[in-house]
Amino acid sequence: MKTGRNKPCPCGSGKKYKKCCARKKKVQLNVNLNKKYADSYNILIKTREEIEGMRRTGLLVIETLDLVEAKIKAGMTTDEINTIVHEFTIENGAIAACLNYRGFPKSVCVSVNEVICHGIPGDRVLKDGDIVNVDVTSILNSYYADANKTFFIGKPDANARKIVSVTRECLNVGMAQVKPGNKIGDIGWAIQQYAENHGCSVVREFVGHGIGLEFHEQPQVPHFGRKGEGVPLVPGMVFTIEPMINLGERHLKILRDNWTAVTRDKSLSAQFEQTVLVTETGCESLTPYNI
């Protein structure tokens, strides 16, 4: 017979079932699930302590992006953005994860117009009408969080407004798929459907990723795919969703610096990213900003 949660526990402890063996059963189920995901998928289900650490890092990432948004303007070089990010990160006792990561020479990725991602800050001067993606990853007390936004410089034209609007909504529809019982493929499917229905294309060479104790963990999170395929989502999974959407074709090329990815047809590209946690009921952003 099923024991009611508020009934005395059958073990004879004198406690209510929900405060005794029901709790132990849930803990054991979580232990089994965590082991299964580690063994089968190399995915680390995060503990409450780890999630709280990531939350704190995530808030710093958003404060950094807010600072950039307040200062970014025409006439500024992309290296000046790097200085803003680097100094603010250090002032807050954190580390810029990008700096020296696999040889990346700067503390932040700044990608302008046709640059899809991994733009290296330098002497490029921002002009009125540009779109600029700023991608911040910080490490605070050993915990990582990652987010980015695409900003307008001055007055955007119709193409700039379109690609930024479509990309922002791609992140929104992707995050809406994050809940227990759904699968990784549902996220990419929703993003691809929205982008292509609006005449844009999804970059396939770069994907979202697990994050938390390392910069890049499992699972990989493609921004294209088929509904119902991939790893099932369970509470405690943490990963980024970071769709890169092109106004033209999806194809890209990597420049001679071996980092900067640009659209092959020189069309505009935009990106928005948040670090998300799968909760018991859905999705929580650990890098929350209005989409």
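**Exercise 1. Judge the overall dimensions of the chain from its radius of gyration and its extents.**

Step 1. A compact globule of 291 residues would have a radius of gyration near 19 Å, and the protein chain has 21 Å, which agrees. The radius is taken over C-alpha atoms, and the globule rule is 2.2 Å times the number of residues to the power 0.38.

Step 2. The model is predicted: local features need pLDDT of at least 70 and side-chain atom pairs count only at pLDDT 80 or more, while totals for chains, interfaces and linings use all residues. Residues are numbered from 1 along each chain as its sequence is written, and side-chain values use heavy atoms, with hydrogens and water left out.

Step 3. Along its principal axes, the C-alpha trace spans about 75 × 45 × 30 Å. Gly 14 and Gly 75 are 61 residues apart along the chain, and their C-alpha atoms are separated by 72 Å. Gly 14 lies in the segment before H1.

**Exercise 2. Describe the secondary structure, burial and contacts of the chain as a whole.**

Step 1. The chain contains five helices and 15 strands. Helices (H or I, at least four residues) and strands (E, at least two) are DSSP runs, numbered from the N terminus.

Step 2. Of the 291 residues, 50% are buried. Buried means under 20% relative accessible area, exposed over 50%, and partly exposed in between, with a 1.4 Å probe and protein chains only.

Step 3. The chain exposes about 14200 Å², of which carbon and sulfur atoms supply 49%. Accessible areas come from the Shrake-Rupley method with a 1.4 Å probe; for residues, only the protein chains shown count as cover.

Step 4. Among contacts between residues at least 6 apart in sequence, 67% join residues at least 24 apart. Contact means heavy atoms within 4.5 Å.

**Exercise 3. Characterise the second largest pocket and its lining.**

Step 1. The second largest pocket has a volume of about 520 Å³. Of the 24 residues that line this pocket, Tyr 101, His 118, Phe 206, His 209 and His 216 are the closest to its centre. On a 1 Å grid over the protein atoms alone, a pocket is an open set of points where a 1.4 Å probe fits, with protein on both sides within 12 Å along at least five of seven lines; lining residues have an atom within 4 Å of a point. Grid points are joined across faces, edges and corners, and the volume is the space filled by probe spheres set on the points.

Step 2. Strands S4 (131-140), S7 (208-210) and S8 (217-221) each supply at least two lining residues. S8 gives the most, with three residues.

Step 3. The lining divides into ten nonpolar, eight polar and six charged residues. Ala, Val, Leu, Ile, Met, Phe, Trp, Tyr, Cys and Pro count as nonpolar, Asp, Glu, Lys and Arg as charged, and the others, Gly among them, as polar.

**Exercise 4. Trace the surroundings of Ile 43 as far as strand S8.**

Step 1. Ile 43 is found in the loop between helix H1 (21-41) and helix H2 (48-71). The residue counts as buried because its relative accessibility is 3%.

Step 2. Beyond its neighbours within four places in sequence, Ile 43 is in contact with Tyr 37, Ala 38, Gln 218, Pro 219, Val 231 and Met 237. Ile 43 and Ile 211 are 168 residues apart in sequence, with a C-alpha to C-alpha distance of 9.8 Å.

Step 3. Two of these contact partners, Gln 218 and Pro 219, are joined by a cis peptide bond with omega of about 5°. Pro 219 lies in strand S8.

**Exercise 5. Which accessibility classes and backbone features apply to Ser 111, Asn 141 and Lys 266?**

Step 1. Ser 111, in strand S2 (residues 109-112), is buried because its relative accessibility is 2%. The contacts of Ser 111 outside its neighbours within four places in sequence include His 118 and Ile 131.

Step 2. Asn 141 is found in the loop between S4 and strand S5 (143-152). Its relative accessible area is 58%, so Asn 141 is exposed. Although Asn 141 is not a glycine, its phi is positive, at about 55°.

Step 3. Lys 266 is found in the loop between strand S12 (261-263) and strand S13 (269-271). With a relative accessible area of 71%, Lys 266 is exposed. Phi of Lys 266 is near 65°, a positive value in a residue other than glycine.
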